[in-house]
Amino acid sequence: MNQEIRNKYEVVIGLEVHAQLQTESKIFAADSASFGAAPNTHISPITLGHPGTLPKLNRKAVEYAIKMGFAAGSKISEYQYFDRKNYFYPDLPKGYQITQDKTPICIGGGVKVKLSTGEKVVRFHHIHLEEDAGKSLHAEGSSDSLIDYNRAGTPLIEMVTEPEIKSSEEAAQFMTEVRKLVRYLHICDGNMEEGSLRCDVNISVMPVGSKVFGTKVEIKNMNSIRFIQKAIDYEVVRQIEAVEAGEKIIQETRNFDPATGRTSGMREKESMNDYRYFPEPDLVPLHISEELLNQVKAQMPALPWELFEKFTKTYGLPDYDAGVLTDSREVAEYFDATCQFTKNYKAASNWIMGTVKSYLNDNHLEIEQLTVTPEKLAQLINLVDEGKVSTSTASQQIFPVMVTDTSASPLQIAEAKNLIQQSNTDTLQSLIDEVLAANPAKVKEYKNGKKGLLGMFMGDIMKKSKGSADPKVTTALLQKTLDSL
C-alpha cells in the first residue's frame, strides 16, 4: 500500500483474550478439564445441560481469576453474579453460555509491553469468568459436523482490552506478555496451538485525528501470535483500501486463513441484544471476601518485571540476560536459587543460558526436570572461580557426569577424573622447560618477534599436562620464562 495513503489512517485494535484455567475439573461440574482425551469422555449430565441439573461454581477458578487481576493491577469486584448468554451454536450444549456480563470479577488494570518505540501499558477494560464451549470438527471430504463436548464447561477468563492497541506489533507483544504472565501464575499453560490461550481481534480504521471509531471487524479464535500479526496487517490494508474506494465496512466476523494470509467473511456480527443476557437463576451471587483476597495474595509468585528488576539491580545482570532468564518462571527461579550459593551472578547466568539450556534442548527437557540442583551448579561455578578447573573442563567433562551422578559433588567428580588444574609452579616450570627444550627453532622465532607462537607452546604444555595445567598461571610463567631466555 502507498505509504502516503496509509498515513492518513489510524488503526484501532481491541483484543478479547480467552485463557483456559488449569483447574482439575470444570467451572460448574466435576468433569475432568484435562486436554487430549478421546472425544466426549469428559462429559456429564451437568455439562450437557440435562433437565434438572444444577451448576456449582469451582472455587479454584475464582482464585485463578483473582490472581490474574492482582498481576494486572485490576480492581477485584466484591459482589458478582453470573449471567446466561443465549445463542445457538452446535457446540454449545445448553443453548446458552454461563458468563459474567454486568459484574466482571476484575475491572481495569493492564499489561506493560515493550515496543520498538518504547514501553506502553495496554489497559484492560475488564476480566470476566465464563465457561468454554465444545468444539466442532469437520472431516475433510465430509459434509457432516462432528461435535466434541469435552471442552464444554472448561473454566475461562476472558481479558478484554480497551480499544487502544495501534499496530500488529503491539498486539503481538501484548499477547506475548499475557502468555508469559498466565504461565508465571500457573493458571493457564498458555499453549496456543491447543487452544488453551486464544484471542478474538477487533479491528477498525479511522482518519487520523478523528474522534469517531470506524466500523469494527472481528477475527475469531486466533491461536498463534504470528497469525495475529499477519491477520491484522492484512485486515488493515483491506479496510483502508475499501474506505478509499468509497465502500462501506460491514460489522462482521471474519476468518483468517494462514495458508493465504487473508481474512474472509463468515457472518455478520451479532449485536449485544441478540444474546438476551439475564442473570443465571441457578447460581447464587458471588461475594469475594477480604479473607479470600488475602489467601490468594499470599500465593502470588514474584512477577516477571519484579524478577527483571531484581536480576538487573541486585545481581547486576545486563538487560539482555535478565530478559532471557525471566522469560520463564521456572528458569528465573532456578537462576535465583543458584545465586543463593554463589556470588558470581554473571557466571550463573552464562551457565544457565549456555550449557544448561543446550543440555535441556538436546534432551527435550524442561528445567524442572534437570537433575543438577541450583546448589550443585553453584558449586561447579565456584570450582571454576577458585581456579581448580577450567570453564571448558567444567562444562564438557564435569557437568555431563553431574547430570547422571546426582550424589557426587563437582569437586569429587573432578578429583575422581584427575581434572583438578595443576597450579604448582615447580611442576608447571618443568613442563614449560620440556616444551621449550623440544622446540629451539620456534623459541628463536618467538624471540625474533613471532609472538603468536605463544599459543603453540601453551597447546603443547596443556597436552603434556593432560589438560590439568592452570591456563592463567601457566601463561604468565611461560611468558616470564621466554622473556628471560
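User: What makes Lys85 count as a charge over the ring of Tyr275?

Analyst: In this predicted model, Lys85 lies over the face of Tyr275 at 4.4 Å from the ring centre, and the cut-off for such a contact is a distance within 6 Å, together with a position within 35 degrees of the ring normal. Lys114 is likewise placed over the face of Phe308, at 4.3 Å from the ring centre.

User: Why is the pair of Tyr315 and Phe335 called edge-to-face?

Analyst: The ring centres of Tyr315 and Phe335 are 5.6 Å apart and their planes stand at 85 degrees; since pairing requires centres within 6.5 Å and edge-to-face requires an angle over 60 degrees, the pair is edge-to-face. Tyr315 sits in the loop between helix H6 (304-314) and helix H7 (319-325), whereas Phe335 belongs to helix H8 (residues 329-338), with their positions 20 residues apart in the chain.

User: How do you know whether Tyr315 and Phe335 are buried or exposed?

Analyst: Buried means under 20% relative accessible area, so Tyr315 at 9% counts as buried, and Phe335 at 0% counts as buried.

User: What makes Tyr446 and Phe457 an edge-to-face pair, and which helices hold them?

Analyst: Their centres are 6.4 Å apart, with 65 degrees between the planes, which satisfies the limits of within 6.5 Å and over 60 degrees. Because Tyr446 lies in helix H14 (residues 440-447) and Phe457 in helix H15 (residues 453-464), the pair ties together parts that are 11 residues apart in sequence. Both Tyr446 and Phe457 are buried.

Notes. Residues are numbered from 1 along each chain as its sequence is written. This is a predicted model: local features need pLDDT of at least 70, side-chain atom pairs count only at pLDDT 80 or more; totals for chains, interfaces and linings use all residues. Side-chain values use heavy atoms; hydrogens and water are left out. Rings of Phe, Tyr and Trp (its six-membered ring) pair if their centres lie within 6.5 Å; planes under 30 degrees apart count as stacked, over 60 as edge-to-face and the rest as tilted. Helices (H or I, at least four residues) and strands (E, at least two) are DSSP runs, numbered from the N terminus. Buried means under 20% relative accessible area, exposed over 50%, partly exposed in between (1.4 Å probe, protein chains only).
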